[in-house]
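Trainee: Could you take one part of this model and go through it up close? I'd like the whole-chain picture as a backdrop, then the details, with the cut-offs spelled out as you go.

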Amino acid sequence: MGLPKLVLADAAISFLWVLYIALTKPTTIFLTTFLNLKGYEFAIAIGLIALNVFFFGWLGGILEGAMWNPVPLLAFYSVGASKDSLFSMAVRYPAQVLCIMILFIEKPGMLLSISMVFSVLTTTTTTTMFSF
């Protein structure tokens with residue numbers, strides 16, 4: 001994969017990571033309510049985060065090395081365990097960070113509002129589904 005495609009893949013996977021992590025709490029609330037698992041919120045949240053890590057690792061492998069987290073990118077480069085050059089690092093790292101920053105600069109409350117809407121929808125669905 002060429003550098004421009006890798007930069008776009010890094011930006012896209014970083015965007016998706018932030019979006020999925022923002023939806024972890026509403027998904028946890030939905031699952032604990034739907035499956036009637038009160039008291040297991042922490043375990044379900046940890047399970048969802050673990051699934052996200054494995055999913056995004058798999059997705060990064062499919063995208064031929066795209067990463068959602070800029071820290072391993074810098075760490076692997078600093079110890080010489082990466083195929084990246086200094087130029088590719090100078091392009092990939094800002095792409096990851098800027099994509100995440102655009103979410104918060106362009107739409108500061110977007111992730112919160114998505115999370116709140118999802119939470120309201122799941123609460124409404126589960127209360128009407130389980131009301132007798």
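Mentor: Start with burial: 28% of the 132 residues in the protein are buried. Here buried means under 20% relative accessible area, exposed means over 50%, and partly exposed is what falls in between, with a 1.4 Å probe and protein chains only. Keep in mind that this is a predicted model, where local features need pLDDT of at least 70 and side-chain atom pairs count only at pLDDT 80 or more, while totals for chains, interfaces and linings use all residues. Residues are numbered from 1 along each chain as its sequence is written, and side-chain values use heavy atoms, with hydrogens and water left out.

The accessible surface comes to about 8500 Å², and carbon and sulfur atoms own 77% of that. Those areas come from the Shrake-Rupley method with a 1.4 Å probe, and for residues only the protein chains shown count as cover. As for secondary structure, there are six helices and zero strands, giving the pattern α-α-α-α-α-α along the sequence. Helices are DSSP runs of H or I with at least four residues, strands are E runs of at least two, and both are numbered from the N terminus. Of the contacts with a separation of 6 or more, 69% are between residues 24 or more positions apart; contact means heavy atoms within 4.5 Å.

Now the close look: helix 2 and what follows it. The buried residues of helix 2 are Thr24, Pro26, Thr28 and Thr32. That spacing is worth holding against the general rule: an α-helix has 3.6 residues a turn, so residues three or four places apart point the same way. Take Thr32, which sits in helix 2 and counts as buried because its relative accessibility is 2%. Setting aside neighbours within four places in sequence, Thr32 is in contact with Leu37, Lys38, Glu41 and Ile44.

Follow one of those partners, Glu41, into helix 3. Glu41 is partly exposed, at 33% relative accessibility. Not counting residues up to four places away in sequence, Glu41 touches Thr28 and Thr32, two of the buried residues of helix 2. Glu41 also has Ile29 at 7.3 Å, C-alpha to C-alpha, with their positions twelve residues apart in sequence. Lys25, also in helix 2, tells a different side of the story: with a relative accessible area of 62%, Lys25 is exposed. Even so, the C-alpha atoms of Lys25 and Ala45 are 7.1 Å apart, for a sequence separation of 20 residues.

Between helix 2 (24-34) and helix 3 (41-62) there is a loop, and Asn36 is in it. Most residues other than glycine have a negative phi. Asn36 isn't a glycine, yet its phi is positive, about 55°. Asn36 is exposed, at 62% relative accessibility.

Helix 3 also leads to the aromatic residues. The structure holds six aromatic pairs. Rings of Phe, Tyr and Trp (its six-membered ring) pair if their centres lie within 6.5 Å; planes under 30 degrees apart are stacked, over 60 edge-to-face, and the rest tilted. Trp17 and Phe56 make an edge-to-face pair because their planes are at 80°, with ring centres 5.2 Å apart. That pair links distant parts of the chain, with Trp17 in helix 1 and Phe56 in helix 3, 39 residues apart. Both rings belong to buried residues: Trp17 at 18% relative accessibility and Phe56 at 0%. Phe56 also pairs edge-to-face with Phe55, with centres 5.3 Å apart and planes at 80°, though Phe55 is partly exposed at 35%. Trp17, Tyr20, Phe55, Phe56 and Trp58 form one aromatic cluster.

One last feature, the largest pocket, holds about 260 Å³ of space. On a 1 Å grid over the protein atoms alone, a pocket is an open set of points where a 1.4 Å probe fits, with protein on both sides within 12 Å along at least five of seven lines, and lining residues have an atom within 4 Å of a point. Points join across faces, edges and corners, and the volume is the space filled by probe spheres set on them. The lining has 16 residues, with Leu6, Ser82, Lys83, Asp84 and Arg92 nearest the centre. Helix 1 (3-22), helix 4 (70-78) and helix 5 (86-106) each supply at least two lining residues.
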